[in-house]
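The report below describes one structure, moving from a helix to the core and then to the bound ligands. Please read it with the sequence and the model at hand.

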Amino acid sequence: SKRLSGKTIVITGASSGIGRSTAVEFARTSPDNLKLILTARRIDTLKQVAEEIKKEVGDGVKVLPIQLDVSQPDQVRNFIPSLPQEFQQIDILVNNAGLVKGVDKAGDVNEDDIRVMWDTNVHGLINMTQAALQSMRTRGESGQGDIINIGSIAGREGYPGGSIYCASKAAVRTFTDAIRRELIATRIRVMEIDPGQVETEFSVVRFGGDKSKADAVYKGVTPLTPEDIAETVVFVAGRPENVVVADMLVFPNHQAAATVMHRRS
Ligand code: NDP
Ligand code: 8X3
């Protein structure tokens, strides 16, 4: 889209899944002077993603892979100031980094898992947003830019075995709503996309690397692909300036709620 040309875009969690596909999709759709800042903890993987993008779309897109653990406030604080000058004016922040750990029920959830989920999904997203807003608020007459948060169906309804994750995504949802209201006098758009089931490394991470447990989650169903969600991210970012796709819920066809799924046996 022409509307995205020349934009500087930060994607968190761009080393895998939805974030990675979103990076590729932005590059494919608007290779005209786009600047993509890809962040995650796995810098080697980010460099591979950057290479793939360059191979596919050429030099119309500048891709900058940066190691960033969003759960570390000092890293987030230093993130924008240490970017090369030409990347410092962030137009679009995609807050995608996030994870779930385990399926234990409250009472038995590992304390470290609680901390990691909260520090990443909630504190990480909030700190990234604050960092971006400080720059976005100084743009244009009253502030300009897009914040696109990846929530989840899990933020709209709690399900057994997901209490902490669900609560973290509900926090994302309420934070998103609140700042959209705070920023009403600006041109800053605050948007949320809530996917249902998407097949990524999400379940592999949830089950601590146990691929067979992860595969069982997607047995008998056709989950969304990360590209499906990437398309929605690029869609909302590419709407005319006056259009705010505030809130979007996206299911695969077999799913109608967090735990209502039709499985073929
Ligand atoms: P993946 O596990 O494939 O990707 C998660 C990404 O987040 C990775 O790039 C990972 O990179 C990054 N990440 C994790 N922790 C951190 C951290 N502390 N700092 C920076 N980056 C981090 O999962 P998805 O693509 O599925 O997940 C993306 C988002 O989508 C998450 O917020 C998730 O909650 C949400 N979501 C997923 C759904 C699904 O069914 N898959 C459904 C609804 C929402 P690295 O390990 O290199 O840091
Ligand atoms: C991921 C979707 O419901 O499997 O956010 O936790 S769910």
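Helix 4 carries a kink of about 35°, centred on Asp119, in what is a predicted model. Helix 4 runs over residues 111-136, and at 1.5 Å a residue its 26 residues should span 38 Å, which agrees with the 36 Å that separates its end C-alpha atoms.

The buried residues of helix 4 are Met117, Thr120, Asn121, Gly124, Leu125, Asn127, Met128, Thr129, Ala131, Ala132, Leu133 and Met136. These buried residues pack against several elements, namely strand 1 (8-12), helix 3 (73-79), strand 4 (92-95), strand 5 (144-150), helix 5 (163-182) and strand 6 (187-195). As background, an α-helix has 3.6 residues a turn, so residues three or four places apart point the same way.

Leu125 can serve as an example from helix 4. Leu125 counts as buried because 27 C-beta neighbours lie inside 10 Å, where the cut-off for burial is 20 or more. Leaving aside neighbours within four places in sequence, Leu125 is in contact with Asn95, Asn149 and Val172. Arg189 is 64 residues from Leu125 along the chain, and the C-alpha atoms of the two are separated by 16 Å.

A second example, Val190, lies in strand 6. Val190 is buried, because 25 other C-beta atoms lie within 10 Å. Once its neighbours within four places in sequence are set aside, Val190 is in contact with Ile147, Thr176, Ile179, Arg180 and Leu183. With Ile179, eleven residues away in sequence, the C-alpha to C-alpha distance is 7.4 Å.

In soluble globular proteins, nonpolar side chains tend to be buried together. Here the largest nonpolar core has 59 residues, of which Ile9, Ala23, Leu36, Leu38, Ile148 and Val233 touch the most other members. Helix 4 gives the most to this core, with seven residues. For Ile9, the contacts beyond four places in sequence are Phe26, Leu34, Lys35, Leu36, Ile37, Asp91, Ile92 and Val94.

Helix 1 covers residues 17-29, and its 13 residues should span 18 Å at 1.5 Å a residue, which agrees with the 18 Å between its end C-alpha atoms. Eleven of these 13 residues are buried, so helix 1 is largely enclosed by the rest of the structure. The buried residues of helix 1 are Gly17, Ile18, Gly19, Arg20, Ser21, Thr22, Ala23, Val24, Glu25, Phe26 and Ala27.

Which residues surround the ligands? For ligand 1 the shell holds 31 residues, and the closest of them are Gly13, Gly17, Arg41, Arg42 and Gly98. Helix 1, helix 4 and helix 6 (202-206) each supply at least two residues of this shell, and the largest share, three residues, comes from helix 1. Ligand 2 is surrounded by Val100, Ser152, Ile153, Ala154, Gly162, Tyr165, Gln197 and Ala258.

The make-up of the two shells by residue class is set out here.

| Shell | Nonpolar | Polar | Charged |
|---|---|---|---|
| Ligand 1 | twelve residues | 15 residues | four residues |
| Ligand 2 | five residues | three residues | no residues |

Helix 4 thus links several parts of this account: among other things, helix 4 gives the most residues to the largest nonpolar core and supplies at least two residues of the shell around ligand 1.

Notes:
Residues are numbered from 1 along each chain as its sequence is written. Chains are lettered from A and ligands numbered from 1 in the order in which they are written. This is a predicted model: local features need pLDDT of at least 70, side-chain atom pairs count only at pLDDT 80 or more; totals for chains, interfaces and linings use all residues. A residue is near a molecule or strand if its C-beta atom, placed from the backbone, lies within 6 Å of it. Helices (H or I, at least four residues) and strands (E, at least two) are DSSP runs, numbered from the N terminus. Ala, Val, Leu, Ile, Met, Phe, Trp, Tyr, Cys and Pro count as nonpolar, Asp, Glu, Lys and Arg as charged, and the others, Gly among them, as polar. The expected span of a helix is 1.5 Å times one less than its number of residues. The bend at a residue is the angle between axes fitted to the seven residues ending there and the seven starting there. A residue is buried if 20 or more other C-beta atoms lie within 10 Å of its own, exposed if 12 or fewer, and partly exposed in between; C-beta atoms are placed from the backbone. Two residues are in contact if their C-beta atoms, placed from the backbone, lie within 7 Å. A nonpolar core is a set of buried Ala, Val, Leu, Ile, Met, Phe, Trp, Tyr and Cys residues joined through C-beta atoms within 7 Å.
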